[in-house]
Amino acid sequence: MLDLLADLLARATTKGATAADAFVVEAQAFSALVRLGQVDTVKHAREQRLALRVFVGQSVAAASTSDLSRESVGRLVEDAVSLARITSPDELAGLPDAADLAHPPLPDLDLADPTGHDLSPEEKIDLARRAEQAALDFDPRITNSEGGDFSDHRACYAYATTHGFAGEYRASSFSLSVAPVAASGGEMQRDAWYHVTRKRVALDPPEEIGRKAAERALRRLGGRSVKTAEVPVIFDRETAASLLRHLAGAASGPSLYRGASFLLDRLGQSVATPSVTIVDDATRPGGLGSRPFDGEGLSVRRTALVDKGVLASYLLDTYTGRKLGLPSTHHAARDGSGVSVSTTNLYLAAGESSPEALIRSVKQGLYVTELIGFGVNGVTGDYSRGVVGLWIENGELAYPVEEITIAGNLLDMFHAVEGVGNDLVFRDRTASPTLLIGRMVVAGS
């Protein structure tokens, strides 16, 4: 793959590019969906994609192809250079300085599973079937299912530039999920549970995932609305992670230089209570978002986005950093034929309170288990979402609630954090412990 990229970049230079970089990925994926014990869908796919970005002076263009034949690669170079010649120049466009590029040896972050993909299709299907069956067997009220799903993915990524960087790495991922349906008294409720890992051996047992999914579906039976009130709100781990994604989106370079972020000009200012520290760490061994270099060949690092409540860093690639007069934070990612800004392993640092202790601290409030809709304004930070969850009475989870919304402002919410759980688990690229926000408007009947 590196030889392919070296040839591609040499061709681009010969055709008139003053600088260029290229990215290639070869991937293979399998997924199997089983519903009520029967195989519903099986997919097996192979993908290859080549992306080239060229600079002619300060004009830039990009092109991509899934055809890696010599003729197709030749056309790709011709097209990209021709487009760059007619593109308006941008004085900030360009590759990172050569001195900033990652140097070998690149870190080995243990991202690939050399043996985990060896299961036969039948064995993979059986994992999905076992997860679903565990949910169906858990309680007679689990009467239906949207299916059990197993998938695995493996890929090889390579990136090179005319500035002298060349690197490649392999990565694996495995996931297992199930979505059962609970029914009682004419009411039906659905919920789900899942697990994702880099190594198959680390995947939670199918029976454990099935039982957890069943428990989540059952606890939603008998849901009711509540009267509108301003009360404490506890976000479980999965829903709390979504708050981090919103904050990271506002701290992302493209949102900032376009003036479309509620975090604009807040670097070094308080954006949360001191109990909140949010980190993006691309160096975590085996992390689902880890990588040995970013999308522009810069070294990976641990970045404190929020440090004890203070906005400590933005998330920038080379171009957005130049637009803001700041250095790249090494958060470039390849997105199609171009470059975007992305987090890696984003998480809220764990606190000292157990989830049970946070619940006991609330006399009356809401425990959120699912968020519905997309009512988040990245410019103002205004936040309004439909929710499903459990009502808290006298420090205990009392009954399920639905058909309600919560509203606030993300900055106000992070400043109102009164408790951070000790239950941080890395189940996704973005992770959070349980989070208690002192007061939010809960709108019901």
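Q: Where in the chain does Asn409 lie?
A: Asn409 sits in strand 17, residues 396-409. The model is predicted.

Q: Why is Asn409 called buried?
A: Its relative accessible area is 14%. Buried means under 20%. The value of 14% falls under that cut-off, so Asn409 counts as buried.

Q: What makes Thr380 a polar contact of Asn409?
A: The backbone oxygen of Thr380 is 2.9 Å from a polar atom of the Asn409 side chain. A polar contact needs N or O atoms within 3.5 Å. The 2.9 Å distance meets that limit.

Q: Which backbone nitrogen does the side chain of Asn409 reach?
A: That of Leu411, at 3.0 Å. This distance is also within 3.5 Å.

Q: Which residues touch Asn409, leaving aside neighbours within four places in sequence?
A: Thr380, Gly381, Asp382 and Tyr383 are in contact with Asn409. Contact here means heavy atoms within 4.5 Å.

Q: Where is Asn345, and how do you know whether Asn345 is buried or exposed?
A: Asn345 belongs to the loop between strand 13 (338-341) and strand 14 (346-348). Its relative accessible area is 1%. The limit for buried is under 20%, so Asn345 is buried.

Q: What does the side chain of Asn345 meet through polar atoms?
A: One partner is the backbone oxygen of Asp281, 2.8 Å from a polar atom of the Asn345 side chain. Another is the side chain of Ser290, also in a polar contact of 2.8 Å. Each distance is within the 3.5 Å limit.

Q: Which residues does Asn345 touch, not counting those up to four places away in sequence?
A: Among them are Val279, Ala282, Arg284, Leu288 and Arg429. Asp281 and Ser290 are in the list too.

Q: What is the volume of the largest pocket, and which residues are closest to its centre?
A: The largest pocket holds about 530 Å³ of space. Of its 24 lining residues, Tyr157, Tyr169, Ser290, Arg291 and Arg429 are closest to the centre. Two or more lining residues come from each of strand 4 (142-161), strand 5 (166-184) and strand 12 (332-335). Strand 5 gives the most, with four residues.

Q: How does the lining of the largest pocket divide by residue type?
A: Nine residues are nonpolar, nine are polar and six are charged.

Q: Which element supplies the largest share of the lining of the second largest pocket?
A: Helix 5 does, with six residues. This pocket has a volume of about 400 Å³. Its lining has 21 residues, and Tyr194, Arg216, Glu238, Thr239 and Thr369 lie nearest the centre. By type, seven are nonpolar, five polar and nine charged.

Q: Why is the pair of Tyr159 and Phe165 called tilted?
A: Their ring centres are 5.8 Å apart, and the planes meet at 45°. Rings pair if their centres lie within 6.5 Å, so these two form a pair. Stacked needs under 30 degrees and edge-to-face needs over 60. The angle of 45° fits neither, so the pair is tilted. Both Tyr159 and Phe165 are buried.

Q: Which aromatic cluster do Tyr159 and Phe165 belong to?
A: They form one cluster with Phe23, Tyr157, Tyr169 and Phe293. Tyr157 and Tyr169 are also among the residues closest to the centre of the largest pocket.

Conventions
Residues are numbered from 1 along each chain as its sequence is written. This is a predicted model: local features need pLDDT of at least 70, side-chain atom pairs count only at pLDDT 80 or more; totals for chains, interfaces and linings use all residues. Side-chain values use heavy atoms; hydrogens and water are left out. Buried means under 20% relative accessible area, exposed over 50%, partly exposed in between (1.4 Å probe, protein chains only). A polar contact is a pair of N or O atoms within 3.5 Å; within protein, one must be able to donate a hydrogen and the other to accept it, and residues adjacent in sequence count only if both atoms are side-chain atoms. On a 1 Å grid over the protein atoms alone, a cavity is a set of points where a 1.4 Å probe fits but cannot get out, and a pocket is an open set with protein on both sides within 12 Å along at least five of seven lines; lining residues have an atom within 4 Å of a point. Grid points are joined across faces, edges and corners, and a volume is the space filled by probe spheres set on the points. Ala, Val, Leu, Ile, Met, Phe, Trp, Tyr, Cys and Pro count as nonpolar, Asp, Glu, Lys and Arg as charged, and the others, Gly among them, as polar. Rings of Phe, Tyr and Trp (its six-membered ring) pair if their centres lie within 6.5 Å; planes under 30 degrees apart count as stacked, over 60 as edge-to-face and the rest as tilted.
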